[in-house]
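Here are a few exercises on side-chain packing, each with a worked solution. Have a look at the model first, then try each task before reading on.

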Amino acid sequence: AIIISMSDQIRLANRQDEKEIRELTESLYQASGQTFSLEEQDNDLRNIEGKYIGPGGIFLVYELDGKLSGYLAAACDNENETIEIKRNGFAPACVSPSPAEIYGRMLAVVRNHAYQMDIKSVLIDDNNAKVFQKEFQ
């Protein structure tokens, strides 16, 4: 029997990840016939720290065997009332765990971040937006 051992982790993104994040996004766009444009709709990926992390948001990356294989970006509104999932993407290599499982794990990190930052809700725009309200005791 062949045993394949894969290690994976979710961590906070940093400036060194930006190139790989853009490359992954571009390859996902190409696969679905979309055009990647750093000058236009994708300019938020030019400076993830300034766009997401600095203003109270969070940018997570998923690593599979040391390779960046997915990400999730959430931005905070000006009043720090709501954090919204703005984009996510996963490489085709993400099979087990599946993108849905990884997304769920990342979402748990975002919800914890929102709780720690005293942000009242997490907005997920996936055609039928689900809002997780913070539980107040």
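**Exercise 1.** Work out which residues form one aromatic cluster in this predicted model, and classify the contacts of Phe59 with Tyr52 and with Tyr71.

*Solution.*
- Step 1: The cluster is made up of Tyr52, Phe59 and Tyr71.
- Step 2: Take Tyr52 and Phe59. Their ring centres are 5.5 Å apart and their planes meet at 70°. Planes over 60 degrees apart count as edge-to-face, so that's what this pair is.
- Step 3: Now Phe59 and Tyr71. Here you get 5.6 Å centre to centre and 25° between the planes. The cut-off for stacked is under 30 degrees, so this pair is stacked.
- Step 4: Phe59 sits in strand β2 and Tyr71 in strand β3, so their pair ties together parts 12 residues apart in sequence.

**Exercise 2.** Decide whether Tyr52, Phe59 and Tyr71 are buried or exposed.

*Solution.*
- Step 1: Buried means under 20% relative accessible area.
- Step 2: Tyr52 comes out at 1%, Phe59 at 0% and Tyr71 at 2%.
- Step 3: So Tyr52 is buried, Phe59 is buried, and Tyr71 is buried too.

**Exercise 3.** Find which element gives the most to the largest nonpolar core, and where Phe59 belongs.

*Solution.*
- Step 1: The largest core has 20 residues; Ile83, Ile85, Tyr103, Met106, Val110 and Val122 touch the most other members.
- Step 2: β2, β3, β4, α3 and β5 each supply at least two of its residues.
- Step 3: The top contributor is α3, with 6 residues.
- Step 4: Phe59 belongs to a second, separate core of 16 residues, which also includes Tyr29, Val61 and Ala91.

Technical notes:
Residues are numbered from 1 along each chain as its sequence is written. This is a predicted model: local features need pLDDT of at least 70, side-chain atom pairs count only at pLDDT 80 or more; totals for chains, interfaces and linings use all residues. Side-chain values use heavy atoms; hydrogens and water are left out. A nonpolar core is a set of buried Ala, Val, Leu, Ile, Met, Phe, Trp, Tyr and Cys residues joined through side-chain atoms within 4.5 Å. Buried means under 20% relative accessible area, exposed over 50%, partly exposed in between (1.4 Å probe, protein chains only). Helices (H or I, at least four residues) and strands (E, at least two) are DSSP runs, numbered from the N terminus. Rings of Phe, Tyr and Trp (its six-membered ring) pair if their centres lie within 6.5 Å; planes under 30 degrees apart count as stacked, over 60 as edge-to-face and the rest as tilted.
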